[in-house]
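Here's a quick walk through a two-chain model, written for someone who likes to know the cut-offs behind the words. Have the viewer open as you read.

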Amino acid sequence: MIDTLRLTAEEALGLLERKEVSGAELHRAYLDAVAERDPELNCYLRTVDEPAGDNVPIALKDVISTEGVETTAGSKILEGYVPVFDATVAARCKAAGLPLLGKTNTDEFAMGSSTENSAYGPTHNPWSPGRVPGGSGGGTAAAVSAGLAPWGLGSDTGGSIKQPSALCGNVGLRPTYGTVSRYGVVAFASSLDQVGPVAKNVRDCARLYSIIAGRDPADSTTVDVPDVELPDRESLKGLRIGVPKEMNEAEGIEPGVTAAVQKAIELARELGAKVGECELPRSVEYGLPCYYLIAPAEASSNLARYDGVRYGLRVEAGSYDTMVERTRDAGFGDEPKRRIMLGAYALSAGYYEAYYGQAQKVRTVIVREHAAAFERFDLLVSPTSPTVAFELGAKTADPLAMYLSDLLTIPSCMAGLPGLNVPCGLSDGLPVGLQLIGPQLSENTLFRAGHALERAIGFDPVPERLR
Amino acid sequence: MSWEAVVGLEVHVQLKTRTKMFCRCANGFGGGENTQTCPVCLGFPGALPVANRTALEWTVKLGLALGCEIAERAVFARKHYPYPDLPKGYQISQYDLPSCINGKVLVPTADGDHEIEIVRAHLEEDAAKNTHVGGGTGRIGGASTTLVDFNRGGTPLVEIVTGPDIHSSEEARRFLQLLRQTVVELGISDAEMEKGQLRVDANVSVRPAGSSELRTRCELKNMNSFRFVAQGIDAEVARQIALYESGEEVVQETYDFDAATGALTARRSKEEADDYRYFPEPDLVPIEPSAELVERLRGELPESPAARIRRLEAELDLDRAVVLVTGGLDALWQATVAAGAKSVPAANVIANRLAGADVGAVSPGELAKLVEARDRIPRTALDEALGSVTQPGFSAAPYLEQEAVSDTAELAPIVERILDANPGQVAAYRGGKEGLLGFFVGQVMKETGGTANARAVSELVREKLQ
């Protein structure tokens, strides 16, 4: 009997290598867990019954194109769309022998912080099913947390890997922009989107990152990536950790979150890290508003292709214009419509310089501010999310309150920097996430620090109610 | 009042790269509809563009040939508009940072070189091809069905924009001939207008002669030959002059040129101005050609057509030089002259008889022999020889052995017969219409089945009519 709730990907690999289980048995064990627990959680939009590959199976967020397997990005407008090609990350998983377990739920086009914007119903948090798993990658995060997948891939634009990992008690990496191919990943905001791994621990996360990372000739924005080192040391000696004041004292951070994060910072000090305070004033103040210009602007452009002509939903009408209008009206939910309107406005003639152009300038300021901090520190820490998992419906009527969920994850995304969420304790019985941010291409440092902290913290990733 | 035309051109040139601009689908005419397509050029979710390196280099090369500065940093942007031929909902095109700027082309004319500014030359992707079925307007509004062929979608396209420096339809035609010859000689496009490989839009306004103002302009589209470009410009200039002279104003408008009727039809005005919502394409990185690359490409440039026209003018008149150079015939002419033919007769034979032929296959030595013997041998022999001069291993020898009849005793009776049969023409000739000489010579040639020596006949006719 395979205990998928506890099994890490590394342990699963050991079982396979020692031939204690077959790839098919492992795949089946996860599908059995899905059959048992997913009716309550709604992590998967669809599962794949026939494993292709003998390695540790994987769940992919439904924004990742999978050849022959429907890919909807959580939207009605792509209902029934079956890609004829694999995203590069899906192809790399396939090449590594990782069979696909299924496609996981997401806010529509990855737009959201709770997975409640999915056209296929919300995903529930395995720690407390009345609460959200975070978003947009709530499906992958909840699946890993509930033992419905040993690991999975998410995509992160402003926090969609890190924030759900925090709310579900997983390790999630948003890699340096350009280290993981976006080819075949349904685009939300191209200059911000990054695919990354979600797992039960840092070593699994690093292992999966090593499978998907690297230059891709099909994505011009990718770069060469240093070899990934699986972390094994538990000391943080010599590591300089900065604590940005604004990100740790921001209004709206729950006391329970602050307490858990402070404790983790204390542990880092005990492990030999040099901890000091620093400042990121403009990144925190302007990061969120600029993000909500740039991301919707690019989204309005990326979503222009959903016109009913070639694939997905088409609502027939007497003329081309009316067909497109009706298709988009019926196919997009409220959040994509809101962002298309915001974005089209920010790009329109006469407003471009004041909005999109200005936001890009501020983005440069954010990059510089982070670079200055990294002259003094190897890593920065803060809470990943200001709050623990909130109740379903608590913020759906207030988009601005929902947007604030990403207040602490967005600045480093805007700077293209890697960030790792490591669970650092519980608050009111719900996971709290610690965010580690490094300079470009510092993933190995993040893994090393995350691994050491994870060992010292001793967080149990299995939700209490499922133990 | 006399008026001056002010014309600027926007010329689109399809590059004949092996693959498309942003994907590796075959570029150019091929199999059936939608067979040269992939997720990228069909705009599937998640598909990303990757710029074609050859297209980037060719754009730089063209820019250098047009005397442009090459941008150290060029950027692709997204240009948004909804239409079924645009699968992504936007076209990827260079915008405010194009690859080539500030160039100029010299157009040789009888009164010196006319300089035409090249404002910019930028790279973009072509749209797919729409076929509107039903409705009778050829437009999407009213059509019962629109068929889209994405084979053309994503073809690399260079747009060349001139300043408003062209002042007649003839000058426009000359500029376009030079431009076409330039891209053909660079080997970057076949530039065949009937295939849409070269497309021209003209921005036309008029102003009182001598003034330097720029008045309201109208855009002309769909002129798919140089002749139609000239006709369209003439028609639009006349229309605008008539408006001003009757006290009316020109309204900015886009017109389609109808080749069948020569008429201009205004497109339906849009209610709002276009807003393409340009922004830098985040899926592509900026293009930063190295100085070494630019210099290497500069070193590969052939001598420009305009410079060659000026060089040929030393031995020929401007018109012949233009015909030879813009017809791609000047290299053969030079070689033929070098092989012993006289300049003007060689130019005439090549321009009149070999335009459009595979001139690369012609042996200049053999051609020179034909040019020199052109009056001596029968016309039928010359025709036959020029008809097979492009064949491999062609030899002029068998044709040179034939002699045209120049014996006056043999020709005189025929000449007299022709003159007798055409008393009206004879009277007209004697009345001063000396151009009729050719008519008489032609009749004699016809009568002799082309075996007479044309010069001998000509002298004989003149003699008889004195």
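## Two helices of chain B

α2(B) and α3(B) run roughly antiparallel to each other, because their angle falls in the class over 145 degrees (under 35 is roughly parallel, 65 to 115 roughly perpendicular, the rest oblique). In this predicted model, local features need pLDDT of at least 70 and side-chain atom pairs count only at pLDDT 80 or more, while totals for chains, interfaces and linings use all residues. As for labels, residues are numbered from 1 along each chain as its sequence is written, and chains are lettered from A and ligands numbered from 1 in the order in which they are written.

Helix α2 covers residues 169–186 of chain B and helix α3 covers residues 226–245; their axes come within 9 Å and cross at roughly 150°. Axes here are lines fitted to C-alpha atoms, for helices over the stretch in contact, with angles from 0 to 180 degrees between N-to-C directions. The crossing of α2(B) and α3(B) is right-handed, meaning the near helix is turned clockwise from the far one by less than a right angle (anticlockwise would be left-handed). On the α2(B) side the contact uses Ser169(B), Glu170(B), Ala172(B), Arg173(B), Leu176(B) and Gln177(B), and on the α3(B) side Phe226(B), Val229(B), Ala230(B), Ile233(B) and Asp234(B). "Contact" is C-beta atoms, placed from the backbone, within 7 Å. Sorted by class, these residues are 6 nonpolar, 2 polar and 3 charged (nonpolar: Ala, Val, Leu, Ile, Met, Phe, Trp, Tyr, Cys and Pro; charged: Asp, Glu, Lys and Arg; polar: the others, Gly among them).

## Val7(B), next door

Val7(B) sits in strand β1, residues 3–14 of chain B. It counts as buried because it has 26 C-beta neighbours inside 10 Å; the bar is 20 or more other C-beta atoms within 10 Å, with 12 or fewer for exposed and partly exposed in between. Leaving out residues up to four places away in sequence, Val7(B) touches Pro164(B), Ile166(B), His167(B), Ala172(B), Ala202(B), Asn203(B), Val204(B) and Ile233(B). Two of these names are familiar: Ala172(B) from α2(B) and Ile233(B) from α3(B). By contrast, the C-alpha atoms of Val7(B) and Cys38(B) are 31 residues apart along the chain and separated by 40 Å.

## A second helix pair

Helix α1 (residues 53–65) and helix α4 (residues 291–299) of chain B pack at about 60°, their axes 9 Å apart. That makes α1(B) oblique to α4(B). Glu57(B), Val60(B), Lys61(B) and Leu64(B) of α1(B) meet Val294(B), Leu297(B) and Arg298(B) of α4(B). By class that is 4 nonpolar, no polar and 3 charged residues. This crossing, too, is right-handed.

## The chains as wholes

Chain A has 15 helices and 11 strands, and chain B has 15 helices and 14 strands; these are DSSP runs (H or I, at least four residues, for helices; E, at least two, for strands), numbered from the N terminus. Of the 467 residues of chain A, 63% count as buried; for the 466 of chain B it is 41%. The C-alpha trace of chain A spans about 70 × 55 × 45 Å along its principal axes, and that of chain B roughly 85 × 60 × 45 Å.

## Where A meets B

34 residues of chain A are in contact with 26 residues of chain B. α9 (281–302), α10 (320–331) and α11 (334–347) of chain A each supply at least two residues of that side of chain A, and α9(A) gives the most, with 3 residues. The chain A side divides into 20 nonpolar, 8 polar and 6 charged residues.

Notes:
Contact = placed C-beta atoms within 7 Å.
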